[in-house]
Amino acid sequence: MRTNRTRWTTMGVAAAATVSLAACSSGGSAAEPDEPAEQAGPVSIEIWGWDAETGEQIVDAFNEAQDDVEAEYVLQASNVATQTNFQNAMEAGSGVPCLVQGFAPLTTMVVNGWAQDITEYVEGSTDLYNEGALAAAQVDGRYYGLPAGSDAQFYMVNQKTFDEYDVEVPTTWDEFVEVGRELKKDGVDITNLAGEDPTPLMHLAQQAGAEWFAIDGDQWVVNFTDERTLAAADVFQQLIDEDMVSNQTYMDRPALYKYFDSGKMASTTTQWWSLTGLQTNMPDSAGDWTAHPIPQFADAAAPVTPGRATASFVPVGCEHPEAVVAFHDWRTTPEAIEAGRNAETGAIGFPTQIPDPSDYVEEVVPEGFFADDQAAADEIVSAQTHVIGKFELGPNYDAWFPELQDQWGKAVAGEITLEEALTAVQEFVASDLENKGISYTVAE
Amino acid sequence: MSVNTQEDRAAAREPVPGPPPGGRPRGGSSPRGRTPIWNWRTAQNAKGASLSFPFLAGFTLFVIVPVAMALRESVYTTRSTGGLGFGGETVSFAGLDNFADGFVDGSFWSGMFRVFLYALIVVPLTQVLSLALALLLDAARRRAAARFRVALLLPYMVPGIVATMVWIYQYSPVVGPLTPFFAFFGLDVNFFSSSMVWVSMGNLAVWSALGFTMLILYGALQSVPHEIFEAARLDGASELRIAWSIKVPFVRGSLVLTSLLSIIGTLQLFDQPLLFRAVTPETITRDFTPAMMIYDQAFQVGNLNYATALSVILALVVGVASAIIYRFINREEP
C-alpha cells in the first residue's frame, strides 16, 4: 500500500511537472522565415514567465535560430510574483517587458489597460494555430493575447465493460444518458462525478455554449442560468437522479483508481496529461480502454471539445510587438518544440496550440494503456483541433469557485437540483460583486 | 575636564530608587561616594530581565504586531473603484461596521455553534481518556510506562494535515482496513458518509491530542507525594479509590490547563474539515467552521478586512469560553 501511494505521489508530481511544462512551452509546424522587421541590428525583447524548467532554454534556442530578435528570459518566482512585479513595472512606467506569461484571464489584462491590441501582427500567422488557441487570444474579436493552446477533453471508454453489457459508445449527451440507464441495470456506473470537483459542469456548460460572464460596456453580465447552462446541467441531473454515477473523491486516490480499474466505471472524460497517471495506477484494465470524441449536444452546429487556456500578452508600452509575435510563431516550429524538452524528465511539452500536433502525440500516449494506441493518438489530436479555448470566468473567480464547489457537492449528493445550485452561485456572484463595488447586471 | 562619570550623568537625568537596604554594594562603585544608581541589585535584575528579551522580541514581532495590524485592518473596508473591477481599489474607514456584520453573520455563527457542539463531546472525551491512560501508566512500572509514554506521544508529533491524510486512508471504504474490520462484526460503517463525518473527525482529534494531554497529566501525577498512597493503602483503600480520591484531585490544576488548550484548539478547528471537505462536500461547506470561513473570506473572497474582524470575534469567543471554563473547573480547590 505504501509503495503504491509513494508511486502515486511520484506520478502526481511528474504529472504536475508535465502540465506546467506543457502550459509554458509551445510547439508547432510550418516554419516561417523571419522577416527582418528593421534593418538596424537586432531588436531586444524581455520575456517574463515562471517556467523554471524550460523557459530559458527555449529562449536560448530562439536566439540561436535567428539574428533579428534578441530575447531575454526573466524567470519569475511564481504566477503571483509575476503579477506583482508586472503591476509595479506598469505603475512605474519603466522596465515594462514585451511578453508576459498569462497570470490571470486575458479579459483582466484588457480591462486593466495592460494588454496591447496586437491584431495586425497575429493576423499574419493565424494558420500556425488551431481555432481554440486563436479564440483564447481574443477579447471582443480583437487579439489582445498570443494564441494559447488548451488541453482538450476527450472521452475514454472501458471497451471491455461496454462489450460485456453490449452497449454502443455514445456520440451525443442524450445517448450518454441512455447508455447510463442500460449500464445501471447491471450495476455499472457510466462515469464518476467527484463531489468536490465541479469542473465537469464548467466543461459541459462551455461545450453547450454558455457564457457565465460577458462584458457589456462598463459592466459585467452574469448569467449562470441561461438555457445553454441548464441544458448542460440537465445531463448531469438525469445521471444524479437515476443514480447512474458514483461520487468517488479525488482525496482518496487509491480507492479512486481501484474503482476506475475495476470495470465498474464504464467511461470518463479526460485530457492528454492525465494518461500517464492513469496507466500507472490502473494495471488490471490497461489495454481495455478506447478513446473517442467527447459526446456532443444533439443541436450542436459543429463538433466542439471543452478546454480553455490563459493567454500570454504583450503589455502596453512594448515597442516591438512584431518581434514578440515572431518569437511566439517560432515556438510552433519543430525545432522550438524540441528545445522545450525537459532535460530531466525527457518529456516534451505537447504543442496544444498548433493545428496538427500529430507528430508529437505518440509521446503522450502511454504504451499498453489503450487497446489501440494509434486510434487513441488520433482521437487526442482531433480533440485538440476542435477545442473551444475560451470560457470567461469573470473578475471574482477565486471567490465564487468555492461556492460552486459547495453547491455542486450538495447537488451531486441529491440534496438540491443543479438548477438550484446554479441559481445560488449566481446570487453569490451578484452579492460578492456588490460587496466589491464592481458593476454588474444579472441577465434575465 | 569633567570628573563626572557616566553613571553620575545618568543619575542627573533620571530619578532612581534609593540604594537597597544593606549598605554599600560591592559592585557599582561611585568615585565620590554619592548614591550609587547602578548598584549590583539593579544589575542583577537587568541581567535577569535581559533573559526574557528573546521571548519579548518574538512575542512582539509575531503576536503584538500582527494583532495590532489585524485590528487596524478590521476597521477599514476595501472596494473597487467601480466599473468592471480592474481600475484599482479604494480603502475607506468603516469603524466597527465589519464587526457589526460579523456579529449578525448567520454562516459564521452556525459554524461557531457546530464547533461548540463538537467541542462539548470531544474536549471532555479527550480529557477523560487521557486521564485514564495517565492513571494506568502511573500504576504501571516505570520502565513499562516509559515505553508506552513514547508510543502514546507519537500521534501528537504527526502534523495535523498529515494525520488527516493518514486517517482518510484508514477510513477509506474501498482500501481502508476499518470498513472490513467493522464488517467482520456485521456492522456497515462508512466513515465518509455525511452522518459519520463528525465521528471521523472527532476520533482523529482525540487520537492526535491524547498523547500530549496524557503526558501533562502523567507529569502531574508523578509529583503527588507517595506517602499519601502508603497511608491510604494502610487504611485499606483500593487502588481505584486512591486514583479517584487522591490522584485525580491532585491533578485538577493540570486538567484545567489541558482542557483550556483543548478548547482553544477545538474552536479553531480547520485542517481536518478542510481535507474532509473533499470526502463529504455536501456537508462540509467552505464556511463550515469559523476558521474555515475566515480563511475563505481572506484568501478566496479576498475580503481581508472582514476576515480579520471575524478573527478578532473568534479570539473573543475563545477567550470568553476559556475564562468561563477556567472559573467553572477551578471553582473549588481541594
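# Exercises on a two-chain model

Chain A contains 18 helices and 15 strands. The model is predicted, and the exercises below treat the fold of chain A, its interface with chain B, and the nonpolar cores.

**Exercise 1. Describe the burial and the contact range of chain A.**

Solution. Begin with burial: chain A has 444 residues, of which 54% count as buried. Turn next to the contacts in chain A with a separation of 6 or more; 78% of these join residues 24 or more positions apart.

**Exercise 2. Determine how many residues of each chain take part in the contact between chain A and chain B, and what area is buried there.**

Solution. On the side of chain A, 39 residues are in contact with 28 residues of chain B. The area buried between the two chains is about 2,800 Å², and carbon and sulfur atoms give 60% of this area. Met251(A), Asp252(A) and Asp406(A) together supply 21% of the area that chain A buries against chain B, more than any other three residues.

**Exercise 3. Characterise the polar and charged pairing across the interface of chain A and chain B.**

Solution. The rule finds three salt bridges across this interface. One of the residues concerned is Asp406(A), which forms a salt bridge with Arg277(B); their closest N and O atoms are 2.4 Å apart. Since a salt bridge requires such atoms within 4 Å, this pair satisfies the criterion. The count of residue pairs in polar contact between the chains is 13.

**Exercise 4. Which elements of chain A supply the side that touches chain B, and what is its composition by class?**

Solution. First, list the elements that each supply at least two residues: helix 4 (106-111), strand 9 (219-222), helix 11 (253-261), helix 17 (397-412) and helix 18 (418-436). Second, identify the main contributor: helix 17 gives the most, with eight residues. Third, sort by class: this side of chain A has 12 nonpolar, 13 polar and 14 charged residues.

**Exercise 5. Locate the largest nonpolar core and examine the surroundings of Trp212(A).**

Solution. The largest nonpolar core has 53 residues, and those with the most contacts inside it are Phe162(A), Ile190(A), Trp212(A), Phe224(A) and Trp400(A). Among the elements that give two or more residues to this core are strand 9, helix 17 and helix 18 of chain A, which also appear in the list for the side that touches chain B. Leaving aside neighbours within four places in sequence, Trp212(A) is in contact with residues including Met202(A), Val221(A), Phe224(A), Phe391(A), Trp400(A) and Leu422(A). A second, separate core has 45 residues, including Phe108(B), Val123(B), Val197(B) and Ile294(B).

Key. Residues numbered from 1 in each chain as written. Chains lettered and ligands numbered in written order. Predicted model: local features only at pLDDT ≥ 70, side-chain atom pairs only at ≥ 80, totals over all residues. Heavy atoms only, no water. Contact = heavy atoms within 4.5 Å. Buried area = accessible area lost by both parts, 1.4 Å probe. Salt bridge = Lys/Arg side-chain N within 4 Å of Asp/Glu carboxyl O. Polar contact = N/O pair within 3.5 Å; in protein donor to acceptor, adjacent residues only side chain to side chain. Helix = DSSP H or I, 4+ residues; strand = E, 2+ residues; numbered from the N terminus. Nonpolar A, V, L, I, M, F, W, Y, C, P; charged D, E, K, R; others polar. Core = buried A, V, L, I, M, F, W, Y, C linked by side-chain atoms within 4.5 Å. Buried < 20%, exposed > 50% of the residue type's maximum accessible area, 1.4 Å probe, protein only.
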